[in-house]
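Please follow this explanation with the sequence and the three-dimensional view side by side. The path leads from the interior to the ligand, and from there to the sheets.

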Amino acid sequence: MEYDLKNYAVRAPLESLTIAPYICRTPITDTMKTNIVAYYKKHDPFSRYLTTDKRRVKQLSGLYHSNKRYFGRRVLDIACGGGVLGFIIEKRGHSYTGVDINPDMISWAKNNAKKIGSRNRFIKRDATRMKIGGAFDTVCILGNALCHFSTHDLSRILENAATNCRKNAHVIVDYRDMVGLMFAKQWNVGTRLVEKDKGRISTTKRCDTRTGFVVTTTTDLRKKKEVLFAHAIWSPFIIEPIMNDHGWSLVQRSFSKRWSGWLDIYERTI
Ligand SMILES: C[S@@+](CC[C@H](N)C(=O)[O-])C[C@H]1O[C@@H](n2cnc3c(N)ncnc32)[C@H](O)[C@@H]1O
């Protein structure tokens with residue numbers, strides 16, 4: 001199988017892929033962006049991020065109710081999926097804008113909004129290249145959506161959000177602690193996750209500490225098709241200084257054992 005990683009100027013089988021040391025940005029994420037529809041069909045079904053998934057609704061309702069004081073009136077949800085959060089918080093009087101790069105997610109969210117008479121706004125856009133109009137009191141990046149974003153991507157998102165957010169606005173973000181997992185040898189190169197019931201197997205191929213991504217492939221056992229997935233490496237000591245540099249200070253942090261992830265809340269101080 002060949003992946004067209006044009007920024008590397010190579011075409012190579014994934015197994016033998018080498019990364020030139022002088023490339024410090026993250027072209028692998030460009031590949032992911034074009035793979036995103038396939039990824040949310042084969043690796044992580046997009047139905048998990050819709051209001052029809054009762055578990056997701058329960059998780060996000062719980063998150064909202066436990067952190068209500070940090071949700072301002074106007075909420076921007078980056079990488080919103082099917083907009084589950086928006087459909088929960090609209091009932092509580094919040095206005096909501098969801099942005100996602102995946103056309104499947106956005107069209108489902110828009111159709112659902114139409115069906116139930118919701119005023120929530122959904123925009124199909126790459127959040128790292130996003131300049132959207134409007135003012136927001138809270139910016140959310142939830143459901144480990146940060147796994148799609150490099151450190152450079154997060155900086156770009158924060159740069160863009162700076163024009164949308166006032167002082168004392170909040171960012172609510174969750175992310176899997178990849179450094180902790182790798183150090184505990186719970187996620188490593190060679191790790192294979194076999195899900196026979198779902199007909200797929202995921203294999204972690206390599207960890208690229210120059211770009212900050214772990215690369216895995218998911219093979220559809222029936223069709224033998226591979227989907228490439230790059231999972232960004234995040235940990236509290238990586239995200240916090242980036243947030244600080246953009247004028248956001250940590251006000252709350254909690255750890256969830258369920259998915260080895262952190263929920264951070266930052267407040268804008270400038
Ligand atoms: C794991 S889902 C989380 C969805 C939702 N936030 C939730 O908590 O239910 C991650 C989402 O990130 C979106 N995404 C990935 N890269 C993106 C990008 N560059 N811009 C906008 N959305 C992106 C995916 O399409 C996907 O819907």
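In this predicted model, the largest nonpolar core comprises 63 residues, and the members that touch the most others are Ile78, Leu85, Val139, Cys140, Ile141 and Leu146. The element that gives the most to this core is strand β7, spanning residues 165–176, with six residues. In general terms, nonpolar side chains in soluble globular proteins tend to be buried together. Val139 offers a useful place from which to look around the core: once residues up to four places away in sequence are set aside, Val139 touches Leu76, Ile78, Ala161, Cys165 and Val171. Of these partners, Ile78 is itself named among the core members that touch the most others, while Cys165 and Val171 fall within the residue range of β7.

For the protein as a whole, 36% of the 270 residues count as buried, and the secondary structure consists of seven helices and 13 strands. Among contacts with a separation of 6 or more, 61% are made by residues 24 or more positions apart.

The surroundings of the ligand come next. Which residues come nearest to the ligand? Of the 21 residues around the ligand, these are Ala79, Gly81, Asn102, Ala127 and Gly143. Helix α1 (27–42) and strand β4 (95–100) each supply at least two residues of this shell, whose composition by class is eleven nonpolar, six polar and four charged residues.

Turning to the sheets, four strands form an open sheet in the order β8-β9-β10-β11, with antiparallel pairing. Because β8 (192–195) and β11 (225–232) stand at the edges and each has a single partner strand, one side of each is left without a neighbour in the sheet. From one strand to the next, the twist averages 20°. At the β8 edge, four bridges join this strand to β9 (residues 200–208), the two running antiparallel, and Leu193 stands opposite Ser202 in β9.

A further antiparallel pair is made by strand β12 (residues 248–256) and strand β13 (residues 261–268), which are linked over eight bridges. Within this pair, Trp248 has Arg268 of β13 as its bridge partner. The two strands, β12 and β13, form a hairpin with four residues between them, and in the turn Ser260 has a positive phi of about 50°. As a general guide to reading such strands, side chains in a regular strand alternate between the two faces of the sheet.

Definitions and conventions. Residues are numbered from 1 along each chain as its sequence is written. This is a predicted model: local features need pLDDT of at least 70, side-chain atom pairs count only at pLDDT 80 or more; totals for chains, interfaces and linings use all residues. A nonpolar core is a set of buried Ala, Val, Leu, Ile, Met, Phe, Trp, Tyr and Cys residues joined through C-beta atoms within 7 Å. A residue is buried if 20 or more other C-beta atoms lie within 10 Å of its own, exposed if 12 or fewer, and partly exposed in between; C-beta atoms are placed from the backbone. Two residues are in contact if their C-beta atoms, placed from the backbone, lie within 7 Å. A residue is near a molecule or strand if its C-beta atom, placed from the backbone, lies within 6 Å of it. Ala, Val, Leu, Ile, Met, Phe, Trp, Tyr, Cys and Pro count as nonpolar, Asp, Glu, Lys and Arg as charged, and the others, Gly among them, as polar. Two strands pair if DSSP finds at least two bridges between them. Axes are lines fitted to C-alpha atoms, for helices over the stretch in contact, and angles run from 0 to 180 degrees between N-to-C directions.
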